Amino acid sequence: MRIVLLGAPGSGKGTQSQRLVKAYGIPQISTGDLLREAVAKGTELGLRAKAAMDAGKLVDDATVLGMIRERIGKSDAATGFILDGFPRNIPQAEALEKMLASLGTPLQAVVLMNLDLGILFKRLTGRRICQECGQVFNIYTSPPPEGKHKLTQRPDDKEEVIGKRLEVYEAQTKPLIKYYEAAGLLRSVDADADVDTVFKSIERAVSQ
Ligand code: AP5
């Protein structure tokens with residue numbers, strides 16, 4: 001299975017990718033996670049990406065495409081993958097199409113996670129991540145058990161940055177909906193439901 005999870009910040013792409021990894025045994029390729037890893041390691045790429053990420057803007061296409069090319073080329077992606085947070089604009093989508101065409105492995109579906117702005121905002125401001133085990137919680141919808149985790153908040157989940165990320169989504173990522181609709185790949189799911197229900201909707205959408 002080769003799919004893209006498309007949706008605004010906080011729509012549940014990461015949460016559902018984890019479920020899909022378990023169910024289908026294919027890797028989640030999250031450009032956000034790859035970039036955060038590079039920032040944490042202080043690599044040259046990470047240093048380049050940090051300013052854009054902290055400001056809620058997109059990292060430049062050349063950096064992201066280089067990272068994707070390398071990750072898709074790894075052996076665990078040969079049987080399929082879940083792209084989470086990529087592509088993020090039309091040039092990235094066009095580059096992906098070319099890349100996959102040259103490998104003879106085109107995309108099979110693009111799943112759009114639909115969610116209202118107000119809910120997105122609450123999901124992002126409420127997100128907390130365990131520094132030690134990496135588990136993702138939400139203080140409103142899925143709070144962690146008391147005292148068991150060392151919680152941290154993503155720097156870009158601060159209210160002032162969330163606004164910018166949502167603006168960038170509207171301007172640069174939303175046009176992908178029409179792009180993938182025209183390609184006959186778009187499947188829409190209602191992401192305003194509990195995690196299990198959304199997962200079932202995604203399973204139905206990708207088996208269409
Ligand atoms: P990235 O890491 O991709 O962030 P994002 O797209 O903004 O998405 P999020 O990770 O914030 O949300 P999500 O949809 O995964 O939601 P989640 O499942 O965590 O990108 C970060 C930055 O990196 C970008 O701003 C940019 O700078 C850079 N970047 C990344 N990719 C790039 C690219 N391709 N090009 C250029 N730059 C790029 O859920 C959110 C919360 O909601 C959690 O607390 C979760 O527990 C909760 N939740 C999830 N599902 C449910 C549910 N069904 N019910 C209740 N709560 C739920």
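Biologist: Which residues of helix H9 are buried?

Modeller: This is a predicted model, in which local features need pLDDT of at least 70 and side-chain atom pairs count only at pLDDT 80 or more, while totals for chains, interfaces and linings use all residues. Residues are numbered from 1 along each chain as its sequence is written, and side-chain values use heavy atoms, with hydrogens and water left out. Helices (DSSP runs of H or I, at least four residues) and strands (E, at least two) are numbered from the N terminus. With buried meaning under 20% relative accessible area, exposed over 50% and partly exposed in between (1.4 Å probe, protein chains only), the buried residues of H9 are Val198, Phe199, Ser201, Ile202, Ala205 and Val206.

Biologist: Why do these residues lie on the same side of H9?

Modeller: The arc is taken from the directions that run from the helix axis to the C-beta atoms. The buried residues lie on the same side of H9 because the arc they cover around the axis is only 160°.

Biologist: Which exposed residues does the face of H9 turned away from its buried side carry?

Modeller: The buried residues pack, by contacts of heavy atoms within 4.5 Å, against strands E1, E4 and E8 and helix H1. The face turned away from that buried side carries the exposed residues Lys200 and Arg204.

Biologist: Which strands stand at the edges of the open sheet?

Modeller: Strands pair if DSSP finds at least two bridges between them, and here three strands follow the order E6-E5-E7 with antiparallel pairing. Each edge strand has a single partner, so one side of each is left without a neighbour in the sheet, and these strands are E6 (136–138) and E7 (151–152).
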